[in-house]
Amino acid sequence: MTENKIPYKIYLEESEMPQAWYNVRADMTTKPAPLLNPATGEPMTAEQLEGVFCRELVAQELDNDTRYIPIPQEIRDFYKMYRPSPLVRAYCLEEKLDTPAKIYYKFEGNNTSGSHKLNSAIAQAYYAKNQGLKGVTTETGAGQWGTALAMACGYLGLDCKVYMVKCSYEQKPFRREVMRTYGATVTPSPSPTTEVGRKILAEDPETTGSLGCAISEAVEDATTHEGYRYVLGSVLNQVLLHQSVVGLESKIALDKYGVVPDIIIGCAGGGSNLGGLISPFMGEMLRGEREYKFIAVEPASCPSLTRGVYAYDFCDTGKVCPLAKMYTLGSGFIPSANHAGGLRYHGMSPVLSELYHEGLMEARSVEQTKVFEAAEYFARVEGILPAPESSHAIRVAIDEALRCKETGEEKTILFGLTGTGYFDLYAYQKFNDGQMDDYFPTDEELAASFAKLPKLD
């Protein structure tokens, strides 16, 4: 296939859509460390985890060996409403940058949730429904995950309780209303409605909240109400599994035109977007079939990979969840109220943490003013208003393309455009008005947080 035959948007046929999720853990020589029971320090059993999570999701969480896990027909039918999503050749961006690089992005904003989150939301809601549960609880940062889960629960007739990080709840009232439109109950976190929320508020009444706080409240709610389970939109092995549909579709589309990416880039908060995009490509590299350069991009205000430590830590601020071995800033770390709410998490997926620890991918942190510079440039050139989270990947994709311009290298770049920014106009307003600041946690702040990490024998 010649270069000029590659279309702007590559769509798969319905028959080409993935029939199974890909489990990258099956190809990892060193598996992610197990979740630990904080009371005993021993690996969590399936029985223990089923008190918090749905039964089938626990099985997926613990499965380190099955390479492909079939996608139930009901979920595949739901996917057809918005999948396959387009793989876009960014011809306009390439021309404006005057770069020899070839740039592609997988666009996941073609659904009402405005992001990739719906891929896992419908799966988790489906398994909850099949188990006969009344409903589910969850947290959300920027609101994409909460919106996606509200949509999935509304479709399946499940109750949905969402704890939304307080600063995002206040910054994004319209995202909140979309969730309510789909039938979800939305509570700003930390809240006075849970024991852990009251404790956090007592310690800091002015806190802006964090994903760690919201997770604690959602878990408490689920475990104290009969017929409910907790579901999570990122971090966990099961979520990366469901999101592999993004990378699988990307690879199928590129293979159709004989395109092999050199550099694959994704924003990184908890890891669902990055993990989903890179999984099938990482699998090839783990099996020794091909080499790629993977880049995780995180906010400078919440730099878990680039400045965190690799250690066992609580997944939540209230310390009610299992311990996970991951790159972490400490479960008590409260990130600044930056505008990429979906990336304000203190830790990173255990799968991605292990891959990063082994040197199989890179990580970069970027300040939010540079992120919004890239977001606005991209919007003017490619015509899509990107979410702040996705714009971290755009920033580094542009940087890599400009590096190709300097060196004359014809690299092929793939990045994930995981969502749209139409509910983030408050943030764009701050940037346009010159009122956006950059924040970098000090070494002293991080050291104080690291000192509170769990001490394991």
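**Exercise 1. Determine whether valine 235 is buried or exposed, and describe its backbone.**

Solution. In this predicted model, valine 235 has a relative accessible area of 4% and is therefore buried, where buried means under 20% relative accessible area, exposed means over 50% and partly exposed lies in between, with a 1.4 Å probe and protein chains only. Next, locate the residue: valine 235 lies in the loop between strand E9 (228-230) and H11, helices being DSSP runs (H or I) of at least four residues and strands (E) of at least two, numbered from the N terminus. Finally, turn to the backbone, where valine 235 has a positive phi of about 70° although it is not a glycine.

Two conventions apply throughout. Residues are numbered from 1 along each chain as its sequence is written, and side-chain values use heavy atoms, with hydrogens and water left out. Because the model is predicted, local features need pLDDT of at least 70 and side-chain atom pairs count only at pLDDT 80 or more, whereas totals for chains, interfaces and linings use all residues.

**Exercise 2. Find where aspartate 98 lies, and decide whether it is buried or exposed.**

Solution. Aspartate 98 is found in the loop between helix H4 (91-97) and strand E5 (102-107). With a relative accessibility of 54%, aspartate 98 counts as exposed. Its phi is positive, about 55°, although aspartate 98 is not a glycine. As background, most residues other than glycine have a negative phi, and most peptide bonds are trans.

**Exercise 3. Locate the cis peptide bonds that precede proline 84 and proline 190.**

Solution. Begin with arginine 83 and proline 84, which are joined by a cis peptide bond with omega about 0°; proline 84 lies in the loop between helix H3 (73-79) and strand E4 (87-89). Continue with serine 189 and proline 190, also joined by a cis peptide bond, with omega about 5°; proline 190 is placed in the loop between strand E8 (185-189) and H9.

**Exercise 4. Work out which residues of helix H9 are buried and how they are arranged.**

Solution. In helix H9 (residues 195-203), the residues Val196, Gly197 and Ile200 are buried. Seen down the axis of H9, the buried residues fall within an arc of 100°, so they line one face of the helix; the arc is that of the directions from the helix axis to the C-beta atoms. The face turned away from that buried side carries the exposed residues Glu195, Lys199 and Ala202. Helix H10 (211-223) is included in what covers the buried residues of H9, with contact meaning heavy atoms within 4.5 Å.

**Exercise 5. Describe how helix H14 is enclosed, and which residues valine 24 touches.**

Solution. Seven of the eight residues of helix H14 (residues 350-357) are buried, so H14 is largely enclosed by the rest of the structure. Among the buried residues of H14 are Val351, Leu352 and Tyr356, and their cover includes helix H12 (272-286) and strand E13 (323-328). Now consider valine 24, in the loop between strand E2 (20-22) and helix H1 (46-49), which counts as buried at 7% relative accessibility. Not counting residues up to four places away in sequence, valine 24 touches Ser279, Met282, Gly283, Leu286 and Val351.
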